[in-house]
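User: Could you walk me through this protein model, one question at a time? I am new to reading structures.

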Amino acid sequence: MSGHVYKVLELVGSSPDTIEGAISNALARASETLHSLRWFEVVGTRGHVVDGKVSHYQVTLKVGFTLDET
């Protein structure tokens, strides 16, 4: 792993069910257009409340991926 250079992006994933689902949704969508995803860090969590109940969860992530070798 030494010598790798990473690009870091911030994403927000959401799920009506769980925080883990919001993380998985964000990573699954990002992996459709990015390759070499290596790690993620949860930097924030929040949710939407409707009628006193959780409507959905939102999770802000920093994701890192390695840059292509030239």
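**Strands, helix and core**

Analyst: Happy to! In this predicted model, serine 15 has tyrosine 57 of strand 3 as its bridge partner. Let's build the picture out from that pair.

User: How many bridges join strand 1 and strand 3, and in which sense do they pair?

Analyst: Two strands count as paired once there are at least two bridges between them. Strand 1 and strand 3 meet that cut-off, and their pairing is antiparallel, over 10 bridges.

User: Which strands stand at the edges of the sheet?

Analyst: The sheet is open, has 3 strands and pairs them in an antiparallel way, in the order 1-3-2. An edge strand has a single partner, so one of its sides lacks a neighbour in the sheet. That describes strand 1 (6-15) and strand 2.

User: What angle does the direction of helix 1 make with that of strand 1?

Analyst: Helix 1 packs on the sheet, where it touches strand 1, strand 2 and strand 3. Taking the directions of helix 1 and strand 1, the angle is about 130°.

User: Which elements each supply at least two residues of the largest nonpolar core?

Analyst: Nonpolar side chains tend to be buried together in soluble globular proteins. Here the largest nonpolar core has 6 residues: Ala22, Ile23, Ala26, Val59, Leu61 and Val63. The elements that each give at least two of them are helix 1 and strand 3.

User: Which residues does isoleucine 23 touch, leaving out those up to four places away in sequence?

Analyst: Isoleucine 23 is itself one of the core residues. With those sequence neighbours set aside, its contacts are Phe40, Val42, Val59 and Leu61.

User: Which residue forms a salt bridge with glutamate 32?

Analyst: Side chains of opposite charge can pair when their charged atoms come close. The structure holds 1 salt bridge. Its N to O distance is 3.4 Å, and the partner of glutamate 32 is arginine 29.

User: Is glutamate 32 buried or exposed?

Analyst: A residue is called exposed over 50% relative accessible area. Glutamate 32 has 58% relative accessibility, so the word for it is exposed.

User: What is the phi of serine 36, and where is this residue found?

Analyst: Serine 36 is not a glycine, yet its phi is positive, at about 65°. With 23% relative accessibility, serine 36 counts as partly exposed. Its place is the loop between helix 1 (19-31) and strand 2 (37-50).

User: What is the relative accessibility of aspartate 51?

Analyst: Aspartate 51 is in the loop between strand 2 and strand 3 (53-66). Its phi is positive too, near 55°. Aspartate 51 counts as exposed because its relative accessibility is 78%.

Terms used. Residues are numbered from 1 along each chain as its sequence is written. This is a predicted model: local features need pLDDT of at least 70, side-chain atom pairs count only at pLDDT 80 or more; totals for chains, interfaces and linings use all residues. Side-chain values use heavy atoms; hydrogens and water are left out. Helices (H or I, at least four residues) and strands (E, at least two) are DSSP runs, numbered from the N terminus. Buried means under 20% relative accessible area, exposed over 50%, partly exposed in between (1.4 Å probe, protein chains only). Contact means heavy atoms within 4.5 Å. Axes are lines fitted to C-alpha atoms, for helices over the stretch in contact, and angles run from 0 to 180 degrees between N-to-C directions. A salt bridge is a side-chain nitrogen of Lys or Arg within 4 Å of a carboxyl oxygen of Asp or Glu. A nonpolar core is a set of buried Ala, Val, Leu, Ile, Met, Phe, Trp, Tyr and Cys residues joined through side-chain atoms within 4.5 Å.
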